[in-house]
Amino acid sequence: MKKIIYLLLTVFSLSVVSCSTASKETERVQEEFVSLLKSDLSSAELIKALTEFETNNVNHFESKLVLGEYYFSTQNYLASWQYLQKALPLMQKLNTLKDKDKADDYALLYRMLGTLCYLTNDFNQALEYCKKSLDAITKGSDPAGLSRGKVLYLTGHIFFENQNYEDARKYFDMAFTEFSDLAKFFDYTEYIELLVKNGEEEKAASHVETLLEKNWWALGAAGYAGNFYLNNNDYGKALPLYFIQYETDMAYVQSENLPSFTEYLRTIMGESSVS
């Protein structure tokens, strides 16, 4: 857990601001914040210390963002939302989009808010936050395109949930253009589903194989690739993929009378195709 917190905190700009216009008090507060992050406290002790620090420093942006991301990563979405909502007016008050050194922080804030709105089915607000996240990202702060790729993917996902498949496909394509290796971060089965619906089964199968190599979340997409290889009479590739799909599906079935793999195949391939 300590390692998780450390990885979360490294995304932020932690250097002490010492410009001539900064007050001594501002410098002192920032130094205290940085010292906390560099301390040897356990994860529980660190979160407790950061919580106390944030309470005592109501105008400190980074502490609210750190706590918001920590609770976001641990799926305590209510606590995450509360800290991010505290951070948002501070960002707007400081006109922070002009601060290029903090661009990633602001993009992250908007992306998390967009995700939380999406989870509560507030799709319009989620799309608005995604747009603001994209506006905050600069090429200098995101040379590999990962941040843009994540936000573009989330935007596509929101359009998919709204059954706006044309815009969903557009944003999914843009996400892969920005960052081709999204398989390390997402189970993009919606994109695969759109490819299949559009008759691009070979491209869909290729994406499934990439997902299975890099991301266990994608196990539920194995059937898409199995269908492609089955339609092309490549049973050697189709059957292992169907078996992955079978094990994934059966893990969620609450019954003592589970179908055998052969019975499962019959529902897919037809009675005459399975001996």
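Biologist: In what order do the elements of the protein run from the N terminus on?

Modeller: This is a predicted model, in which local features need pLDDT of at least 70, side-chain atom pairs count only at pLDDT 80 or more, and totals for chains, interfaces and linings use all residues. Residues are numbered from 1 along each chain as its sequence is written, and side-chain values use heavy atoms, with hydrogens and water left out. Helices (H or I, at least four residues) and strands (E, at least two) are DSSP runs, numbered from the N terminus; the secondary structure comes to 14 helices and zero strands. From the N terminus on, the order is α-α-α-α-α-α-α-α-α-α-α-α-α-α.

Biologist: What percentage of the residues of the protein count as buried?

Modeller: Buried means under 20% relative accessible area, exposed means over 50%, and partly exposed lies in between (1.4 Å probe, protein chains only). The protein has 275 residues, and the share that counts as buried is 45%.

Biologist: How much of the area that the protein exposes do carbon and sulfur atoms supply?

Modeller: Accessible areas come from the Shrake-Rupley method with a 1.4 Å probe, and for residues only the protein chains shown count as cover. The protein exposes about 15100 Å². The part supplied by carbon and sulfur atoms is 51%.

Biologist: Among contacts with a separation of 6 or more, what share do residues 24 or more positions apart account for?

Modeller: A contact means heavy atoms within 4.5 Å. Taking the contacts in the protein with a separation of 6 or more, residues 24 or more positions apart account for 52%.

Biologist: Why is Cys-130 not bonded to Cys-117?

Modeller: A disulfide is a covalent bond between the sulfur atoms of two cysteines. Here it is taken as a pair of cysteine sulfur atoms within 2.5 Å, and the structure holds zero disulfides. Cys-117 is buried at a relative accessible area of 3%, and Cys-130 is buried at 1%. The closest cysteine sulfur to that of Cys-130 is in Cys-117, and they do not bond because the distance is too far, at 9.1 Å.

Biologist: Which residue forms a salt bridge with Glu-54 at 3.4 Å?

Modeller: A salt bridge is a side-chain nitrogen of Lys or Arg within 4 Å of a carboxyl oxygen of Asp or Glu, and the structure holds eleven. Glu-54 meets Lys-64 in one of these, at 3.2 Å from N to O; that pair links distant parts of the chain, with Lys-64 in helix 4 (residues 61-73) and Glu-54 in helix 3 (residues 43-56), ten residues apart. The bridge at 3.4 Å joins Glu-54 to another residue, one in helix 5 (residues 77-93) and 32 residues away along the chain. The partner at 3.4 Å is Lys-86.

Biologist: Is Lys-86 buried or partly exposed?

Modeller: The other two residues of this group, Lys-64 and Glu-54, are both buried, with Glu-54 at 3% relative accessibility. Lys-86 has a relative accessible area of 39%, so it counts as partly exposed.

Biologist: In which helix do Asp-167 and Lys-170 lie?

Modeller: These two residues form a salt bridge, with their closest N and O atoms 3.8 Å apart. Asp-167 is partly exposed at 22% relative accessibility, and Lys-170 is partly exposed at 42%. An α-helix has 3.6 residues a turn, so residues three or four places apart point the same way. Asp-167 and Lys-170 are three residues apart, about one turn, and both lie in helix 9 (residues 165-178).

Biologist: How many residues of helix 6 are buried?

Modeller: The expected span of a helix is 1.5 Å times one less than its number of residues. For helix 6 (residues 103-119) this gives 24 Å, which agrees with the 24 Å between its end C-alpha atoms. After the helix comes Asn-121, whose phi is positive, near 65°. Helix 6 is mostly covered, and of its 17 residues the buried ones number 14.

Biologist: Leaving aside neighbours within four places in sequence, which residues is Asn-57 in contact with?

Modeller: Asn-57 lies in the loop between helix 3 and helix 4. Asn-57 is buried, with a relative accessible area of 13%. Beyond four places in sequence, its contacts are Val-29 and Lys-64.

Biologist: And which residues is Tyr-246 in contact with, on the same terms?

Modeller: Tyr-246 is in helix 13 (residues 235-250) and counts as buried at 13% relative accessibility. Its C-alpha atom is 8.5 Å from that of Gly-223, 23 residues apart along the chain. With neighbours within four places left aside, Tyr-246 is in contact with Pro-259, Ser-260, Phe-261 and Tyr-264.
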